[in-house]
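Thanks for coming, everyone. I have one model to show, so let me put it on the screen.

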There are 2 protein chains.
Amino acid sequence: MSEGVEWALHSCLNLSWIETGEAMTAAKLAAFYSLPTAYLNKQLQSLAKAGILTSTSGPRGGFRLARPLDKITLMDVVTAIEGAEEAFRCEQILREGPGGSPHVDYRESCVIAQAMRRAELAWRHELAGQTLADIRKTVEGRFPGTPDNTRSWFANLRT
Amino acid sequence: MSEGVEWALHSCLNLSWIETGEAMTAAKLAAFYSLPTAYLNKQLQSLAKAGILTSTSGPRGGFRLARPLDKITLMDVVTAIEGAEEAFRCEQILREGPGGSPHVDYRESCVIAQAMRRAELAWRHELAGQTLADIRKTVEGRFPGTPDNTRSWFANLRT
DNA sequence: GCTTAGTTACTCGGATAAAAAGTGTCCGAGTCAGAAAGG
DNA sequence: CCTTTCTGACTCGGACACTTTTTATCCGAGTAACTAAGC
């Protein structure tokens, strides 16, 4: 799985803590974790395309959350970065074997594909069941200073 | 996820159906699905290293199952091919952020990492809960001719 | 003072390059089966 | 006929290319704010 998922999740949380109506540039979000600016920008673009963030060009531009955190699931972010296709993609090798038919969709009928899909659905179900709001709530419960610290760090950022 | 997982799973099932005490070569297993022989051999080697198959060199050599199918889970095969590391690997970017400490293991304490791990555990749990014996039983229930067809195909294989 | 046009600096966005992982191939080391020779 | 040696072919196993994906970078198009000029 791409490293960008981790960056995206953390950046979304940061965006929620500094929310002031102002947009946050990719450069500032990258500076927070010393990440390569241009590459994080690429990930944020993916989030924007997926409708999780909105982007604004020009001075005072940047990214901001497109909707409240409780409307953004972990699944949404993972799909935005990784794409929608499944990890185990059945290549239908049964079709090449004896008795294989070109007219059968083995992605549906192959028992192995079904078993792998069941596991992947369990994974997706867990991801879809947790919103970023849940994550933020847990973080704030364990580290109450995080919102203020984050906000003030971005406020005091130079250059 | 690597394509080799699909090849490995199907090949293990085939091995169980033709089990006669004889070993099966990578070339024959590859011919069954018209797969590239040398590359399938590579995957089978991984299964052998993981203790799922045993390999024999020389004439009459090849691969055979190292233990009964009901002792082989989908998780075992996936781990053998893909490796044991998690799909979402926390790079601990919190360490590079303000307030980050070099002495904290953020793979454990980071709430995001925990949430992603929970999802991955659900996936692993599903995979570990299904043995190849379960798969075979289901296949034989839906396609009763499979064992005989497979066995006779390998028996009649030329060259 | 207010409006308006022009300029400038800033930001995203996609095009481009480098690195890594995945995919595929080839040849050699070891080994076992079978043939051949000897008893 | 049985045993033993030798040969030879067969198989895995790892080393070596090629392709695709991931990671990272760089500039240009567009935009909004600021400046300054005109009313």
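I'll take the DNA contacts, then the interface between the protein chains.

A caution before we start: this is a predicted model.

Let's begin with DNA strand C. How many residues surround it? The count is 25. The closest are A:Gln45, A:Ser55, A:Gly62, A:Phe63 and B:Ser2. On the DNA side, sugar and phosphate make up 65% of the strand C atoms that come within 4 Å of the protein.

Now some individual contacts. Look at A:Gln45. An N or O atom in the A:Gln45 side chain sits 3.1 Å from a base nitrogen of DNA strand C. Two residues of chain B reach phosphate oxygens instead. For B:Ser2, a polar side-chain atom is 2.8 Å from a phosphate oxygen of strand C. For B:Arg60, the distance from a polar side-chain atom to a phosphate oxygen of strand C is 3.1 Å.

Which elements supply this surface? Those giving two or more residues are α3 (37-49), β1 (53-56) and β2 (62-65) of chain A, plus α3 (37-49) of chain B. The largest share comes from α3(A), with four residues. By residue class, the surface near strand C has 12 polar, eight nonpolar and five charged residues.

On to the protein interface. Here 45 residues of chain A contact 45 residues of chain B. Between them, the two chains bury about 3900 Å². Carbon and sulfur atoms carry 72% of that area. Which residues of chain A lose the most area to chain B? They are A:Glu6, A:Ile93 and A:Ile112. Together these three account for 17% of what the chain A side buries.

What about polar links? The rule finds zero salt bridges across the interface of chains A and B. It does find nine residue pairs in polar contact there, with both residues at pLDDT 80 or more.

Now the elements on the chain A side. Helices α1 (4-17), α2 (26-33), α4 (74-82), α6 (111-128) and α7 (132-142) of chain A each give two or more residues to the side that touches chain B. Of these, α6(A) gives the most, with 12 residues. The residues on that side divide into 28 nonpolar, eight polar and nine charged.

To recap, briefly. At the DNA, α3(A) gives the largest share of the surface near strand C. At the protein interface, α6(A) gives the most to the side of chain A that touches chain B. I'll stop there and take questions.

Definitions and conventions: Residues numbered from 1 in each chain as written. Chains lettered and ligands numbered in written order. Predicted model: local features only at pLDDT ≥ 70, side-chain atom pairs only at ≥ 80, totals over all residues. Heavy atoms only, no water. Near = heavy atom within 4 Å. Polar contact = N/O pair within 3.5 Å; in protein donor to acceptor, adjacent residues only side chain to side chain. Nonpolar A, V, L, I, M, F, W, Y, C, P; charged D, E, K, R; others polar. Contact = heavy atoms within 4.5 Å. Buried area = accessible area lost by both parts, 1.4 Å probe. Salt bridge = Lys/Arg side-chain N within 4 Å of Asp/Glu carboxyl O.
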